[in-house]
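User: I am new to this structure. Please take a close look at the part where the chains face each other, and explain each term as you use it.

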Protein chains: 2
Amino acid sequence: MSDNGNIEKVVIVGSGPAGWTAALYASRANLSPLVFPGRALSKDVIPGGQLMLTTDVENYPGFPDGVKGPDMMDLFMRQSLRFGTRIVTDDGIATEAEGGLYGQFQNVDELDLSSQPFRIRGDGGHEAKAHAVIIATGAKANWLGIENEQRLATSGGGVSACAVCDGALPMFRDKVLGVVGGGDSAVEEATYLTKFASKVYIIHRRDQLRASKIMADRAKDSPKIEFAWNKVVTDVLGDKHISAVRLKDTVKNDESTLELGGLFLAIGHTPATEFLNGQLELDKKKYIKLKDPYRSYTSVDGVFAAGDCVDSVYRQAITAAGMGCKAAIDVERWLADKGLE
Amino acid sequence: MSDNGNIEKVVIVGSGPAGWTAALYASRANLSPLVFPGRALSKDVIPGGQLMLTTDVENYPGFPDGVKGPDMMDLFMRQSLRFGTRIVTDDGIATEAEGGLYGQFQNVDELDLSSQPFRIRGDGGHEAKAHAVIIATGAKANWLGIENEQRLATSGGGVSACAVCDGALPMFRDKVLGVVGGGDSAVEEATYLTKFASKVYIIHRRDQLRASKIMADRAKDSPKIEFAWNKVVTDVLGDKHISAVRLKDTVKNDESTLELGGLFLAIGHTPATEFLNGQLELDKKKYIKLKDPYRSYTSVDGVFAAGDCVDSVYRQAITAAGMGCKAAIDVERWLADKGLE
C-alpha cells in the first residue's frame with residue numbers, strides 16, 4: 001500500500017457542506033481526517049458538492065448579504081484545513097500550508113467495507129486504510145439534460161432545481177413560472193412558488209399527476225396553478241435569463257412556446273450511493289439508511305453518513321452541515337469506545 | 001387581544017441558532033414569522049442563546065478565522081430580518097427597517113397550546129395567536145454558580161462548559177485541565193481533552209463515578225486522566241486566565257488548591273422547557289420529544305421544536321441551525337397541508 005500500512009482514524013468521502021463540516025469537527029478533535037473530495041467534471045462526486053453549481057446562497061445562516069456557492073465552499077475547506085484536515089489530491093496529500101485547488105482532487109474509486117480496517121482507493125491512485133469512514137457524497141438533482149437548461153442554471157439565469165433555495169429570489173417575483181414534474185415534490189415546489197409567482201405552470205409529460213391525491217387536489221384547487229398536460233420541455237429560450245420554453249405535446253407531437261420568467265425542475269434527485277456497490281443498506285430511493293435517524297450510524301459498524309446522500313427530505317446546506325457535525329462527533333466517540341484513538 | 005384578532009402563521013420562541021434559522025427559512029417562505037427572542041438577564045430564554053456568552057466560535061462552518069458569538073448571532077438576526085422576520089420588542093414589532101436591540105426583546109410569559117389557534121403572551125405584554133409554533137428555547141449548561149467561575153467563563157478566561165466547543169483552543173494545549181462532574185459526559189469531555197492536555201483531573205464530589213462501567217473504565221485506563229475524589233470546587237483563581245481552583249474535601253472538610261490551566265464543567269444541562277408546563281411531551285431529562293427524530297414535529301399538532309431544547313447529544317450551533325431549518329420547512333408544509341397559508 002502506498003500509505004506504508006498507516007491506518008487513518010477517519011476517511012471522509014465528499015466535500016459539500018456535510019463533508020467539510022465533518023472534516024472541521026474531526027480535525028478539531030485531533031483525528032487528522034483524510035478527505036477524498038471527489039473530482040471536478042466527473043459524473044459522480046463533485047468537489048464542493050451542488051453549491052459549486054450555485055450562484056447566490058441567501059439561506060445559509062451567517063451571511064446576511066448572501067454568499068456565492070463556490071466562495072462558501074472555499075471558506076468551509078479553508079476552515080477544516082486550518083485545524084489539520086488532509087486532502088487527497090493528484091499531487092499527494094494537501095494540508096493547510098499547501099491549500100487546495102478544485103479540480104486536482106481525487107474521487108473514491110474503490111471502497112472495501114467488508115472488514116476492518118476499511119480500504120479506500122482514489123481515482124488518482126492514492127490508497128488508504130481507515131478505522132472509520134464518513135460518506136458525504138451528496139445527491140444530484142435530476143435535470144432534463146438540455147444544453148440551454150444547464151447554461152441558464154449555472155449562470156443564475158432563472159433555471160433551478162430547488163424552489164426552497166431559489167424561489168424567494170427577486171427575479172421570480174410576480175413572474176409566470178414553470179415546474180417540470182408530476183410527483184409530490186413537483187406539487188410541493190409549485191405550491192411554494194405560488195407565494196412569489198403570479199402564476200405557476202406544472203409541466204407534465206402525462207395527462208395526470210403521479211402525486212398523492214391530497215397533493216394533486218391542492219394543486220388543482222390553487223387559483224395560481226395551471227397545468228400543461230402531455231408536454232415535455234425540448235428547449236429553454238433566453239440569453240441571460242429564461243424567457244420561454246419550447247414544449248412538445250407527447251400525444252399530438254406538435255410544438256409550442258410557453259413564456260416563463262423561471263423554470264424549476266422537480267423530477268427527482270439521485271443520491272451518489274452507487275459507488276457503494278450495495279455495501280451499505282439503502283432505502284427504496286437509494287439514500288443511505290441510518291440506524292437511528294437522529295444519529296449518523298449506518299448498517300456497517302464504523303461507517304457513518306451525512307448530508308444529501310442520506311436526506312431525501314430537506315436537502316439544504318445548513319441541514320447537511322449539521323449532519324456532518326453529528327457524524328464527526330459520532331466517529332470521535334466510536335473511536336474512543338473502541339480504543340482506536 | 002392586542003393583535004386585533006390576526007392569527008400569525010408561525011410564532012418562533014427563542015433566538016439562538018435554531019430560532020434565527022427557523023425565522024430565516026420561514027421568512028423566505030413568506031410566512032412573516034413573529035419571533036419572541038427571550039429577554040436579556042432573565043433566568044429563562046436568553047436572546048441569542050448560549051452563544052451570547054461565548055467569545056470565539058471556531059467551529060461554525062463558513063468562518064475560517066472564527067467569529068465572536070454575539071457577532072454571529074447578530075448576523076443570523078439581520079439575515080432573518082432581511083427576508084421579513086418580525087421581532088417582539090417592548091416598543092412593538094421590530095422589522096428590518098427598525099433593526100433590533102438586544103435587551104429590549106420580549107420573552108414568552110404564557111403559552112397556551114390547548115387549542116387552535118395557539119395563544120402566546122410576551123413578558124412585555126404583547127399577545128399573539130398562531131397556527132403554528134416553533135419552540136427553540138435552547139438549554140443552559142449547569143454551572144457551579146461561583147462568581148469567579150462566571151467571570152472567567154464569559155471573558156474567555158479558560159472556564160468552559162463545552163469541551164467539544166473549546167477544547168481545541170490554543171490556550172488549553174499541553175496544560176493541566178480539570179473537568180467537574182462524575183457522569184458519562186464528564187468522562188467523555190475528559191477523554192476528549194486528553195487529546196490536547198498534558199493531564200486531565202476529573203473532580204468529583206463522591207469517591208466513585210456515576211458514569212457507566214465502560215466509561216468509568218476508560219477514564220481509569222487513560223494515562224492522562226487522574227481523579228480528585230470527594231472534592232467540590234469552592235473558588236476559581238486567576239485574574240485574566242484561570243490559574244487554579246480551591247477544592248474542599250467532602251469527607252475531611254479540609255481545603256486545598258489545584259493548579260489548572262483550564263476548567264470544564266460537565267454537570268449537565270437544563271433545557272428551557274419548564275415554561276411549557278407539561279403541554280408538550282418531554283423525555284426523562286426534560287428535553288422535548290420529537291415524534292420522528294429526523295423531523296421536528298412534537299406531541300402537539302402544529303407545534304415544532306428545534307435546537308438544544310431537543311438535543312441532549314450534540315448541542316452545537318451548526319446542529320441547532322440545521323434543526324431550525326427543518327422546523328421551518330416542516331411548518332411550511334404543515335400549513336399548506338392544512339390550507340392555512
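Analyst: A residue is called buried when its relative accessible area is under 20%, exposed when that area is over 50%, and partly exposed in between, using a 1.4 Å probe and protein chains only. This is a predicted model, in which local features need pLDDT of at least 70 and side-chain atom pairs count only at pLDDT 80 or more, while totals for chains, interfaces and linings use all residues. Residues are numbered from 1 along each chain as its sequence is written, chains are lettered from A and ligands numbered from 1 in the order in which they are written, and side-chain values use heavy atoms, with hydrogens and water left out.

Confidence comes before detail. The model has an ipTM of 0.91 and a pTM of 0.92. For chain A, the mean pLDDT (the predictor's confidence in each residue, from 0 to 100) is 92, and 96% of the residues reach 70 or more. Where pLDDT is low, predicted coordinates should not be read in detail.

Now the interface as a whole. With contact taken as heavy atoms within 4.5 Å, 55 residues of chain B touch 55 residues of chain A. Buried area is the accessible area (1.4 Å probe) that two parts lose on being put together, summed over both. Between chain B and chain A this area is about 5,200 Å², and carbon and sulfur atoms give 53% of it. On the chain B side, B:Arg28, B:Tyr294 and B:Tyr314 lose the most area to chain A, together 16% of what that side buries.

Charged and polar pairs also cross between the chains. A salt bridge here is a side-chain nitrogen of Lys or Arg within 4 Å of a carboxyl oxygen of Asp or Glu. Ten salt bridges are counted between chain B and chain A, and a search of the whole structure finds 38 over all chains. A polar contact is a pair of N or O atoms within 3.5 Å; within protein, one must be able to donate a hydrogen and the other to accept it, and residues adjacent in sequence count only if both atoms are side-chain atoms. Between chain B and chain A, 40 residue pairs are in polar contact, both residues being at pLDDT 80 or more.

Several helices supply the chain B side. Helices (H or I, at least four residues) and strands (E, at least two) are DSSP runs, numbered from the N terminus. The elements that give two or more residues to this side are helix H1 (17-28), helix H2 (69-82), helix H4 (163-166), helix H5 (184-193) and H7 of chain B. The largest share, 13 residues, comes from H7(B).

H7(B) covers residues 317-337, which makes 21 residues. The expected span of a helix is 1.5 Å times one less than its number of residues; H7(B) reaches 30 Å from its first C-alpha to its last, close to the 30 Å expected. The helix is mostly covered, with 20 of its 21 residues buried. Just after H7(B), B:Gly339 takes a positive phi of about 65°.

One salt bridge of H7(B) joins B:Asp337 to A:Arg218 through their side chains, at 2.3 Å from N to O. A:Arg218 lies in helix H6 (residues 213-221) of chain A and B:Asp337 in helix H7 of chain B, so the pair joins two chains. B:Asp337 is partly exposed, with a relative accessible area of 45%, whereas A:Arg218 counts as buried at 16% relative accessibility.

A:Glu58 is another place to look. This residue lies in the loop between strand E3 (56-57) and strand E4 (67-68) of chain A. A:Glu58 counts as buried because its relative accessible area is 10%. Leaving aside neighbours within four places in sequence, A:Glu58 is in contact with A:Gly66 and A:Leu169, and with B:Leu24, B:Arg28, B:Gln79, B:Arg82 and B:Phe83. Its side chain meets that of B:Arg82 in a salt bridge (2.9 Å, N to O) and makes a polar contact with the side chain of B:Arg28 (2.8 Å). Within chain A, the C-alpha atoms of A:Glu58 and A:Asp166 are 8.4 Å apart, although the two residues are 108 residues apart along the chain. Elsewhere, a network of salt bridges links A:Arg28, A:Arg82 and B:Glu58.

For a pair inside one chain, take A:Asp249 and A:Lys231, whose side chains meet in a salt bridge (2.9 Å, N to O). A:Asp249 is in strand E16 (residues 244-249) and A:Lys231 in strand E15 (residues 231-237) of chain A, 18 residues apart. Both A:Asp249 and A:Lys231 are buried.
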